[in-house]
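The following exchange asks how several structural labels are justified. Each answer sets a value against its criterion.

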Amino acid sequence: MSKNQSFRFSVAPMMDWTDRHCRAFHRVLSRRALLYTEMVTANAVIFGDRERLLGFSPAEHTLAVQLGGSDPAALAKAAAICAEWGYDEINLNVGCPSDRVQGGNFGACLMRDPALVAACVAAMKAAVALPVTVKCRIGVDEQDPEIALDALADGVLAAGADALIVHARKAWLEGLSPKENRDIPPLDYDRVHRLKARLPGVPVSLNGGIATLEAATAQLAHVDGVMLGRAAYQQPELLLRVDSLFFREQDPHADAFAAVVAFEPYVAAHLATGGRLHDITRHMLGLFTGRPGARAYRRHLATEGVKPEAGLDVLRAAVDEVRRAEERRALVA
């Protein structure tokens, strides 16, 4: 863990969500959380538009790229490209249950072939000097999680994997949609705890169903790190306490209002290059969840922020909805 203390708290890679604008926003909220890209396939990295797929702001560090694939040679080549782009970690996706991913023979279906996953890890480790990590499930379909998770973990660790991130649910590739796979299979944190107890020298992070920072910190009694996904995205204000709770450092901003002000230069720079406000603010809709005025804030961004001419004034007006609502509540109290 000394090599990368950011592993203590990370925001999960989430398709269509953790793009570069989302990550830039999250970095304003926490200096120390480890951030992940959306999953990008090895072939897309090799043959696609790399600036669109891999581009990021230097301020996003510490930043990991998540790769999808099952061809060791292609993954090695993609990992080398990502290293050249300046990422801090290469992560292999062995957990996504979508039909498209299964069709490409990667993601969670690779839990059935730990030897192939190990070969992929070995190829990437030979290609880069960066940490190579694996994000997996505890098993798929009818697999016994006691056997499946140990087989996957032992194989990739023997191949040189530097850390494991375990989504503490099975993935049911037959019968459940990707969305259902995030909720319906029961959580089994104890299985991940047993894995960590068996591998005391291996960094193990737990993912799945963690909704609060208090629940996350409780998990650190059993594992080395915690990864939050939907909770961090849908209620990003909770990230404002990550640095103090997990790293004993001063939090970057006193509150969400100050965080938005600090984020304005990034928004302005994006607008100046022809970008649209909605590219960014779609990731900010949950910022004031639970506060007075939060609904008006979301409504303003949803109606005004999508307009082609929307600028910083729209974001400021949305934030003012919350500010005024809180002032009215304080007067009544």
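Q: What makes Phe 25, Phe 263 and Tyr 266 one aromatic cluster?
A: Rings of Phe, Tyr and Trp (its six-membered ring) pair if their centres lie within 6.5 Å; planes under 30 degrees apart count as stacked, over 60 as edge-to-face and the rest as tilted. Phe 25, Phe 263 and Tyr 266 form one cluster of such rings. The model is predicted: local features need pLDDT of at least 70 and side-chain atom pairs count only at pLDDT 80 or more, while totals for chains, interfaces and linings use all residues. Residues are numbered from 1 along each chain as its sequence is written, and side-chain values use heavy atoms, with hydrogens and water left out.

Q: How many aromatic pairs does the rule give?
A: The count comes to 7 aromatic pairs.

Q: Why is the pair of Trp 17 and Tyr 233 called stacked or tilted?
A: The ring centres of Trp 17 and Tyr 233 are 4.2 Å apart and the planes stand at 10°, so the pair is stacked. Trp 17 lies in the loop between strand E1 (9-11) and H1, and Tyr 233 in helix H11 (residues 230-234), so the pair ties together parts that are 216 residues apart in sequence. Helices (H or I, at least four residues) and strands (E, at least two) are DSSP runs, numbered from the N terminus.

Q: Are Trp 17 and Tyr 233 buried, exposed or partly exposed, and what decides this?
A: Buried means under 20% relative accessible area, exposed over 50%, and partly exposed in between (1.4 Å probe, protein chains only). Trp 17, at 26%, therefore counts as partly exposed, whereas Tyr 233, at 9%, counts as buried.

Q: Why is the pair of Phe 56 and Tyr 87 called stacked or tilted?
A: The centres of these two rings, Phe 56 and Tyr 87, lie 4.7 Å apart with planes at 50°, so the pair is tilted. The pair links distant parts of the chain, 31 residues apart: Phe 56 is in the loop between H3 and E3, and Tyr 87 in the loop between helix H4 (72-85) and strand E4 (89-94). Phe 56 has a relative accessible area of 14% and is therefore buried; Tyr 87, at 2%, is buried as well.

Q: How do you know how many disulfides there are?
A: A disulfide is a pair of cysteine sulfur atoms within 2.5 Å, and the count by this rule comes to 0. For Cys 22, the nearest cysteine sulfur is that of Cys 96, 17 Å away. For Cys 136, the nearest is that of Cys 109, at 13 Å. Cys 22 has 0% relative accessibility, so Cys 22 counts as buried; Cys 136, at 1%, is buried too.

Q: What makes Asp 141 and Arg 248 notable in phi?
A: Each is a residue other than glycine with a positive phi, near 50° for Asp 141 and near 55° for Arg 248. Asp 141 lies in the loop between strand E5 (132-140) and helix H7 (145-158), and Arg 248 in the loop between helix H12 (242-247) and H13. Asp 141 is buried because its relative accessibility is 10%, whereas Arg 248 is exposed because its value is 81%.

Q: Where does H13 bend, and by how much?
A: H13 bends by about 35° at Phe 263, and Pro 265 follows within four residues. The bend is the angle between axes fitted to the seven residues ending at a residue and the seven starting there.
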